[in-house]
Each structure stands twice: as C-alpha cells, then as structure tokens.
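Reader: Hi! I have a structure open and would like to talk it through with you. Could we start with the sheets and then turn to the ligand?

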Amino acid sequence: MPTPLLTVNALTKRFRANQSPTVKNINFSVYPGEIFALLGPSGCGKTTTLRIIAGFEQADAGTVVMDKRILTGDDIYVPPESRGIGFVFQDYALFPHKNVFENVAFGLRKATKKDRQERTLEVLSMVGMTDLQARLPHHLSGGEQQRVALARAIIARPKLLLLDEPFSSLDPGLRQTTREEVRALLKAEGISAILVTHAQEEALSFAERLGVMKDGTLEQVGTPEAVYQQPKTAYVADFLGQTNFIEAHVKNGFAQTPFGHVKVTGEAAGDALLSIRPECLKMLASDSWSSGAKTGRIVGQAFKGHDYTHRVEVGGRHYFVQNDYNCPFQIGDTVVLIAVSAVAVTPETQQTDGETDNVA
Ligand code: ATP
C-alpha cells in the first residue's frame, strides 16, 4: 500500500454544546492520485468533514495530515490558503463581476503576471473554455460555470481537490458528461480528489473508493464494488441501491430461503439478516425446478427502458426482481424466484421492510 496523501484521524466536530456531534470519530485516507467520495444523505456531515479538511471549519478533536504535514491537530490549524488544497463549491462561487479569465487567474494570485497569464491560458484550454475567457459568469451555462470553477481550483496545481456536490445543479445528461470530463482531467493531472455527494450512482461511477456516512459517522469504506456487493450493514445495503431484506438461518455459509438454498457471504452464523439485490434474484416459470423455492405472484412492474423491476409477492411479502427488457412475465403471472447470492448484514435498530418507489 502506498503512503497516503491525506489521512483524517478521529475527526470530531460539534456545533452546539447540547447537541450530538455533526462529525464523530471519522477516519479515512486518500492515496496519491486517488478519487475518493463521501456518500450519505443530506445532513449526515459530509460537507462539514470536507470543510474541516479544507480549513474552513475547525475540528473539536482529531487530525488532518497531508503529505506528512499536520494541517489540523492539537493546537495546530493551518489556514485554507496555506494548505495546498483546491475546493469546488456546490454553487461554484464565481465572482460575478470578473470575467472567466479573471476568475480563473484569481486562483494563482501569488504568481508573477507572466506565469499567471500562461498558466491561466493553459487551464482554460484544459477545460475547453479558451474561447469564452472574456465572458462574465452570468452569461455562461451551468456546465460552463462548473468548468471555470474547476479551472480556478486546479490552477495552483493542488495535490488534493475537494468537490462539494459539484454536479448537482447540472441536468442529468450534462451531469454525466461533465463528471467524465472532470474525472479524466483529474487522472491526467494526477490530482487526488474527495467528492461529496448524496447520489449513490454518482459516487459509484466517479470514485475509486468511497466512504458511506450516516449521522456523522463512517459506516463503511471500500471500492464501489465492495460497498455495493458486500455491504456490512443494512443501512449501507439500502443506501447504495434497491435491495430485499430477509431473515434466515445461516449454517456453513448457506441459508434456506423462500428463494431456495442460497450461498451467503459476509460474517454470519445462525439467525441473520440477509440483503439480496434485485439483480441477484432470477425469475422462472412456476413449474421450473426450484430447490425448495416457493412460488410467488407478480404484483407490480416498472419499465425502465433497458430493463424491468418486478415486484413479486412470496409468502405475503413483496420482493424486487430485476429482469431484462425482454422478460416474458407479466403482472398476475405465478413464478418462482431463485437467489443467486445473499449478503449477511448488520441490522439497523429500525429496519424497514423493502421499498415501494418505482414500482407500479
Ligand atoms: P447536505 O448534503 O445537505 O449538504 P451534509 O451531509 O453535507 O448535508 P452538513 O452540511 O455537514 O451535512 O451538515 C450536517 C449538520 O450540521 C446539519 O444538521 C447542519 O445543519 C449542521 N451544520 C452545518 N454547519 C453548521 C454551522 N456552521 N453551525 C451549526 N450547524 C451546522
């Protein structure tokens, strides 16, 4: 494992004395050139964590170390402008009366005029904004403003760039292309980044590793594949995408379920809560061989263009199943569900039984 570029250790922040901390004992590292994401619902403390790393907010406890230099720690506080960290805000925070060139050049205030001129033109070219350099921000589209904010943030060649929901105000089509462009630019320049987002699909596609936050704490850190396919808790399983929860008895890594005898990954023995993604359930005709699986009836169907999500009632409970666009089954059909795999997860204190959105 290479030496981390950034290490956040036991970070804690409480805004009001009579309230629980907004950020509680957060620990993670970001490696050189790595793109990391903090993912979680609104209010879970993502932005606060990012602002402490940037130096806009002071921590009550914990340390932030970058390149072996303590930026935040006991009696140590390095101001934002001396941290060597770039920041792209959600609203881009461009100066309204400065044009594109001046906004970008502002990120390199300490350089000589000549160096500043050359580097500004270089980063404007990198983000494809050379032709619009004389425009004022309010004459730019959201995507163009985003590029200017990005150019301003990377002009001083930061080793680490912090991105606070930078794509959220773009429409869905532009969001994906902008995301891909930003990612390619970061990779080309070897800049590490931390993206803060509440959109799971964005975190999964943008980051190489991500941390899932809940109520100020980090529930799980891992690659997108690991947190999606091997969630440790019911919260992470649920937040990362639609899933089905069932209780089952696990013995020697297998469980007998309404979907047959299923291999269970994750730490479990005895009674356990299992998470089974809709794409891990296979729908078969009811007369198929089913290794003890029970029959069910399709009660809902959501067409998504490229595929369907069916809702199937088995033994009085509803389960989500993902099927191809050419699935032959319809609402009312009797079917058998077979689980390909299941993951044992730690239950939440208050576990909800499935979801009902997106399904008719
Ligand atoms: P969002 O996605 O909505 O931005 P978030 O996960 O980034 O949410 P934070 O912005 O870190 O969450 O806020 C976490 C909690 O801390 C919220 O309840 C917020 O109101 C509170 N909070 C943030 N900044 C301050 C502040 N300066 N003073 C008091 N409370 C604050």
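Author: Happily! In this predicted model, six strands make an open sheet with mixed pairing, in the order E7-E8-E9-E3-E10-E11. Strands here are DSSP runs of E with at least two residues, helices are runs of H or I with at least four residues, and both are numbered from the N terminus. Two strands pair if DSSP finds at least two bridges between them.

Reader: Which are the edge strands?

Author: They are strand E7 (85-88) and strand E11 (217-222), each pairing on one side only. On average, neighbouring strands of this sheet are turned by 20° against each other, direction ignored. Axes are lines fitted to C-alpha atoms, for helices over the stretch in contact, and angles run from 0 to 180 degrees between N-to-C directions.

Reader: How many bridges join E3 to E9?

Author: Five bridges join strand E3 (residues 35-39) to strand E9 (residues 192-197), and the two run parallel. Within E9, Ile194 is the residue opposite Phe36.

Reader: And what does helix H1 lie across?

Author: Helix H1 (residues 46-54) lies across E3, E7, strand E8 (160-164), E9 and strand E10 (209-214), at about 150° to E8. Helix H4 (residues 142-154) lies across E7 and E8, running at about 170° to E7. Contact means heavy atoms within 4.5 Å.

Reader: Before we move on, what should I know about the numbering and the cut-offs?

Author: Residues are numbered from 1 along each chain as its sequence is written. Local features need pLDDT of at least 70, side-chain atom pairs count only at pLDDT 80 or more, and totals for chains, interfaces and linings use all residues, while side-chain values use heavy atoms, with hydrogens and water left out.

Reader: Thanks! Now the ligand: which residues are around it?

Author: They are Phe15, Arg16, Thr22, Pro41, Ser42, Gly43, Cys44, Gly45, Lys46, Thr47, Thr48 and Glu165. A residue is near a molecule if one of its heavy atoms lies within 4 Å of it. This shell divides into three nonpolar, six polar and three charged residues. Ala, Val, Leu, Ile, Met, Phe, Trp, Tyr, Cys and Pro count as nonpolar, Asp, Glu, Lys and Arg as charged, and the others, Gly among them, as polar.

Reader: How far is the side chain of Thr48 from an oxygen atom of the ligand?

Author: An N or O atom in the side chain of Thr48 is 2.5 Å from a ligand oxygen atom. For the side chain of Lys46, such a distance is 2.9 Å. At Gly45 a backbone N or O atom lies 3.0 Å from an oxygen atom of the ligand.

Reader: How much of the ligand does the protein cover?

Author: The protein covers 60% of the 630 Å² of accessible area that the ligand has on its own. The areas come from the Shrake-Rupley method with a 1.4 Å probe.

Reader: Great. What about the sheet of five strands?

Author: That open sheet has the order E16-E20-E17-E18-E19, with antiparallel pairing. Strand E16 (281-285) and strand E19 (317-324) are the edge strands, and the twist averages 45° from one strand to the next.

Reader: Which residue does Phe303 stand opposite?

Author: Phe303 stands opposite Tyr308 in E18. Six bridges join strand E17 (residues 295-303) to strand E18 (residues 307-314).

Note on methods. Polar contact = N/O pair within 3.5 Å; in protein donor to acceptor, adjacent residues only side chain to side chain.
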